[in-house]
Amino acid sequence: YFWRTLKMFVQLNIGGHVFSTTLGTVRKFPNSTLAGLFNGSTKRMDSEGRHFVDRDGTYFGYILEYLRTEKLPTEHLQEVHKEALYYDIKPLVKAIEETPQFFGETVGRQQFLARVPNYQENLEVIVRVARAEAIASRYSNIIVCVVRTEDDLARYNHAIDSLGTPRESVVSFGPWKAPASVEDLLDCVKMDIEAKGYKVKIQPHSIDKGFLFKSNDFFYKLIFTWW
């Protein structure tokens, strides 16, 4: 009887995404939150008699594949990790955290960005200004300044006065105390803005002012394309 129960066919409705599997699969890790959802006291059913979970099911297929085969996903690791935490599937959480991709993102990139003052706030400002400038336009151009060190900050203060753009309209990043370069920071900016669904490219913002140093050491142009 026990084995027949584990092979019982079940359907799941995860936020509108429908999945078919066996009871044994979803109960593979009996102490997980997912397994607990199939206990009599906590079961929720939709109008079609499917087990219902009120959560976005976009990445649940990766969870189910791991439960079936113990095969790790090769993409969307950050998102699948969040789902594995939610469903308390500890072996999957641990396996994802040990992958080079996840390790590099959390220990490398995110630790670097935590050392860049106001990084997330600056991203929000960039997107907000770009959207405001998009009216009746195909492109939005946002000037950003990237200052790597404290010494650069002093040079930047002289440079921005000759930029020909109001100081308050320039979004500034840095300085930071980490080995990562200006190019690394710009790659992160582009990656995180595109992750929000925007199409953007970054190029040096040149100024014909005869500076004693290259203006593109500091200033870059973010170009948003809307259509």
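Visitor: Is alanine 136 buried or exposed?
Guide: Alanine 136 sits in the loop between H8 and E4, where helices (H or I, at least four residues) and strands (E, at least two) are DSSP runs numbered from the N terminus. Its phi is near 55°, a positive value in a residue other than glycine. Buried means under 20% relative accessible area, exposed over 50%, and partly exposed in between, with a 1.4 Å probe and protein chains only. With a relative accessible area of 87%, alanine 136 therefore counts as exposed.

Visitor: Good start! What kind of model is this?
Guide: Residues are numbered from 1 along each chain as its sequence is written, and side-chain values use heavy atoms, leaving out hydrogens and water. Local features need pLDDT of at least 70, side-chain atom pairs count only at pLDDT 80 or more, and totals for chains, interfaces and linings use all residues; the model is predicted.

Visitor: Which class of accessibility does glutamate 70 fall in?
Guide: Look in the loop between helix H4 (60-69) and helix H5 (77-86) for glutamate 70. Although not a glycine, this residue has a positive phi of about 60°. Because its relative accessibility is 48%, glutamate 70 counts as partly exposed.

Visitor: How many degrees is omega at the cis peptide bond?
Guide: Proline 175 is placed in the loop between E5 and H10. The cis bond joins glycine 174 to this proline, and omega there is about 0°.

Visitor: What arc do the buried residues of H10 cover?
Guide: H10 (residues 182-195) has 14 residues and spans 20 Å from first to last C-alpha, close to the 20 Å expected at 1.5 Å a residue, that expectation being 1.5 Å times one less than the number of residues. The buried ones are Val182, Leu185, Leu186, Cys188, Val189, Asp192 and Ile193. They lie on the same side of H10, because their arc around the axis, taken from the directions from the helix axis to the C-beta atoms, is only 155°.

Visitor: And which residue just after H10 has a positive phi?
Guide: The buried residues of H10 pack against several elements, including helix H7 (100-113), strand E4 (139-146) and strand E7 (219-225). Just after H10, phi is positive at about 100° in glycine 197.

Visitor: Which residue has a side chain joined to serine 20 by a polar contact?
Guide: Serine 20 lies in strand E2 (residues 17-22) and touches Phe9, Val10, Gln11, Leu64 and Arg68, not counting residues up to four places away in sequence; contact means heavy atoms within 4.5 Å. A polar contact is a pair of N or O atoms within 3.5 Å; within protein, one must be able to donate a hydrogen and the other to accept it, and residues adjacent in sequence count only if both atoms are side-chain atoms. At 3.3 Å, the partner of serine 20 is glutamine 11.

Visitor: Which residue forms a stacked aromatic pair with phenylalanine 224?
Guide: The structure holds 11 aromatic pairs, counted when ring centres of Phe, Tyr or Trp (its six-membered ring) lie within 6.5 Å, with planes under 30 degrees apart called stacked, over 60 edge-to-face and the rest tilted. At 5.8 Å centre to centre and 15° between the planes, the stacked partner of phenylalanine 224 is tryptophan 226.
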